[in-house]
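The following paragraphs lead through a predicted model. They turn to the packing of two helices and then to the nonpolar interior.

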Amino acid sequence: MANIKIGTSTIATIQKVGNKSKEEGIAFASKVDDITLASEFISALIKNVFKFDVFSRFDSIDELDLNPTYRFVRKIFEDKEKFIKQSNNLARYLYDQSNHPNICNGEFYTIYIEDCMINGQNVDALLMLKTEAKDSFLTISYENGEYSIKPQLGLSTRHVDKGCLIFNSERENGYIMSVVETSSIRQDGRYWSNNFLYTKEIISNFQHTENVANFCTSAIQKISENHPNKHLELAKASLKIAQRLQEDGVKIHTEELISSLGIDDEVASILPSLRNEYEDKYGEIPEAFVCAPNATKRKAITKTNILKIGTNFELKILDASASLEEGYDEEKDLRFIKLFY
């Protein structure tokens, strides 16, 4: 995970962007709002909504300057005096990409943030938000000796439909950014990231760790389904792998890690085909990577060390060196497991 510190939000514009296919139009900004007093609110929103495990950058089929959003953002970073003009250009381009019938109209925020830190580098940042679903609030006012409560709709620090935080770093490569998009291809074509931003992920150790963890989980599940008698040894091997993938900053050689699943010759012989099948579907697994433990915290690999006993019991293996012995009691006509500790 990158070391991120959010600076001070200074200025912002707000536009209304509708659905182009329904000819809902745009309400452009004519002024810049000073939002310095709302800086803590913006920082809380970023902290709650954005995840800094995976980063992206602007992309283009040919040159980066052919990506309109990249070009407008670059002009803002080069000259803040052009903030209104370029934020309106961003709103217009967003409107041009809002052709899917399921896209909802909403407010489009462009917010300038000064003095951010990313991996020790002091940079400014640009935050773009599109809010389609508003949150409900109650406001309290005191007038003429009485309190009154009124419902309000507005932006929450807990939820954003579409968002992008762009750091003014690595401009020549398409900047470094974090993207939020709560919709799907089925809902609205993911027009925010696919069309408006046109981004690609920056492949990092987080993705490598996640990819290897996913493969190990998949392999363990398939082997367990075809060889239920090997559950015990697979659970122990799974624990060892999960423990390795929790070692922050440690370089892992993938082949060595995967080979630990080869609990016997039969299983070892099918691991290469399982890997080839996985890579054909999800892409190549790296030969080596540096561990990013936060990539596996919620992954199934951390749960494959649970040994299912029959239909009603589960045994969680917490010590990979645990000595367990399976057997069958002919007198009771029942299977058993002995645990030595």
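**Helix packing and nonpolar cores**

Helix α6 passes helix α9 in a right-handed crossing. Two packed helices are described by the angle between their axes and the distance between those axes. Here, α6 spans residues 205-226 and α9 spans residues 265-282, and the two pack at an angle of about 130° with their axes 10 Å apart. Angles from 115 to 145 degrees fall in the oblique class, and α6 and α9 are therefore oblique to each other.

Which residues make the contact? On the α6 side they are N211, N214, F215, A219, K222 and I223; α9 contributes V267, I270, L271, L274, R275, E277 and Y278. By character, the residues of this contact divide into eight nonpolar, two polar and three charged.

Attention now passes to the interior. In soluble globular proteins, nonpolar side chains tend to be buried together. The largest nonpolar core of the model has 28 residues, and those with the most contacts inside it are F58, V73, F108, M128, I166 and F196. Two or more residues of this core come from each of the strands β2 (8-17), β6 (106-118), β7 (121-131) and β10 (162-167) and from each of the helices α2 (68-78), α3 (83-96) and α5 (191-197). The element that gives the most is α3, with six residues.

F196 illustrates how such a residue is surrounded. Leaving aside residues up to four places away in sequence, F196 touches T69, L90, Y93, L94, Q97, F108, M128 and Y191. A second core, separate from the largest one, comprises 25 residues, including I6, I42, I111 and V123.

Conventions:
Residues numbered from 1 in each chain as written. Predicted model: local features only at pLDDT ≥ 70, side-chain atom pairs only at ≥ 80, totals over all residues. Heavy atoms only, no water. Core = buried A, V, L, I, M, F, W, Y, C linked by side-chain atoms within 4.5 Å. Buried < 20%, exposed > 50% of the residue type's maximum accessible area, 1.4 Å probe, protein only. Helix = DSSP H or I, 4+ residues; strand = E, 2+ residues; numbered from the N terminus. Contact = heavy atoms within 4.5 Å. Axes fitted to C-alpha atoms, helices over the stretch in contact; angles between N-to-C directions. Parallel < 35°, antiparallel > 145°, perpendicular 65-115°, else oblique. Left-handed = near helix turned anticlockwise from the far one by under 90°. Nonpolar A, V, L, I, M, F, W, Y, C, P; charged D, E, K, R; others polar.
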